[in-house]
Amino acid sequence: MEESSQETALRLARAFADPDRIRIAAALIESEQRLDQLATALNLKPRDAQRQINHLRENGLILERSLAGDTLYRFDLNELRHISRTAFATARAASPEIDGEAWEQKTLHDFVREGRLIEIPASRKKRIVILKWLSSYFEPGDQYPERDVNEMLRRYHPDFATLRRELVDNGFLAREHGIYWRVG
């Protein structure tokens with residue numbers, strides 16, 4: 001069941017209701033860190049830092065990866081943007097809108113259900129409408145490593161590699177040395 005914008009706004013507010021969570025999020029936006037590094041830098045007990053990280057992770061805001069036996073944490077800015085859009089948009093996720101002709105709206109209606117792409121259109125014209133919609137989730141001026149692009153696109157369809165390639169090939173995203181950004 002999809003959250004309403006009001007429920008999403010409340011979830012977002014709860015995620016940042018604790019000052020330590022805000023400090024942890026800010027530190028993890030700056031750099032990926034191990035728990036002990038983070039706790040030391042913020043003058044927190046490791047168990048308190050872990051508790052706050054767990055809370056942020058439960059809200060989808062923390063990514064982690066293993067490296068040489070250590071767990072590294074980082075803040076997921078893309079997920080925060082997504083949650084914020086959901087929380088403060090009217091019905092955009094459930095019924096995406098692109099200004100334009102009625103056929104664009106019909107195409108979105110036909111291919112997007114509950115904010116997810118049900119299939120990639122075979123028709124180039126319809127695929128362009130979908131790519132335009134997907135590109136709206138990338139902030140102009142922001143740069144995204146390929147793994148972040150993959151994670152973002154995976155939220156909308158399991159074939160994220162095709163979508164990523166299509167976004168680049170059709171001029172919605174540009175790429176250089178594994179870094180992507182929205183064009184225009």
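**Entry 1: E79**

In which helix is E79 found? I looked it up in the model, which is predicted. E79 sits in helix α5, and this helix covers residues 77-88. Next I asked whether E79 is buried or exposed. Its relative accessibility is 12%, so E79 counts as buried, the cut-off being under 20%. Then I listed what E79 touches. Leaving out residues up to four places away in sequence, I found G60, L61 and R155.

**Entry 2: helix α7, its length**

I moved on to helix α7, residues 124-135. I checked its span. Twelve residues at 1.5 Å a residue should span 16 Å. The C-alpha atoms at the ends of α7 are 16 Å apart, so the expected span and the model agree.

**Entry 3: helix α7, what is buried**

Which residues of α7 are buried? I noted R127, V129, I130, L131, W133, L134 and S135. I then looked for what covers them. The cover includes the helices α6 (102-111), α8 (146-154) and α9 (160-169). It also includes the strands β4 (112-113), β5 (116-117) and β8 (179-182).

**Entry 4: R127**

I stopped at R127, which has its place in α7. Its relative accessible area is 17%. The cut-off for buried is under 20%, so R127 is buried. I set aside its neighbours within four places in sequence and looked at the rest. R127 is in contact with I120, P121, A122 and E166.

**Entry 5: α7 against α9**

E166 led me to α9, since R127, L131, L134 and S135 in α7 meet L163, E166 and L167 in α9. I looked up how the two helices are set. Their axes come within 10 Å and cross at roughly 95 degrees. Angles of 65 to 115 degrees count as roughly perpendicular, so α7 is roughly perpendicular to α9.

**Entry 6: the cores**

I turned to the nonpolar residues. In soluble globular proteins, nonpolar side chains tend to be buried together. How many residues does the largest nonpolar core have? I noted 23. Those with the most contacts inside this core are I130, W133, L134, F138, L153 and L167. Helices α6, α7, α8 and α9 are the elements that give two or more residues to this core. The most comes from α7, which gives five residues.

Apart from this core lies another, of 20 residues. Among them are A25, L28, A39 and L42.

I went back to I130 for its contacts. Neighbours within four places in sequence aside, I130 is in contact with L108, F111, V112, L117 and P121.

**Entry 7: the sheet**

Last, I looked at the strands. Three of them form an open sheet, in the order β6-β8-β7, and the pairing is antiparallel. Which are the edge strands? They are β6 (143-145) and β7, and each pairs on one side only. On average, neighbouring strands of this sheet are turned by 30 degrees against each other, direction ignored.

I followed β7, residues 173-176, along β8. The two pair in the antiparallel sense over four bridges. I looked up two of the partners. A174 has W181 in β8 as its bridge partner. E176 has I179 in β8. Between β7 and β8 there are two residues, and the two strands form a hairpin. In the turn I noted H177, with a positive phi of about 55 degrees.

Terms used. Residues are numbered from 1 along each chain as its sequence is written. This is a predicted model: local features need pLDDT of at least 70, side-chain atom pairs count only at pLDDT 80 or more; totals for chains, interfaces and linings use all residues. Side-chain values use heavy atoms; hydrogens and water are left out. The expected span of a helix is 1.5 Å times one less than its number of residues. Buried means under 20% relative accessible area, exposed over 50%, partly exposed in between (1.4 Å probe, protein chains only). Contact means heavy atoms within 4.5 Å. A nonpolar core is a set of buried Ala, Val, Leu, Ile, Met, Phe, Trp, Tyr and Cys residues joined through side-chain atoms within 4.5 Å. Two strands pair if DSSP finds at least two bridges between them. Axes are lines fitted to C-alpha atoms, for helices over the stretch in contact, and angles run from 0 to 180 degrees between N-to-C directions. Angles under 35 degrees count as roughly parallel, over 145 as roughly antiparallel, 65 to 115 as roughly perpendicular and the rest as oblique.
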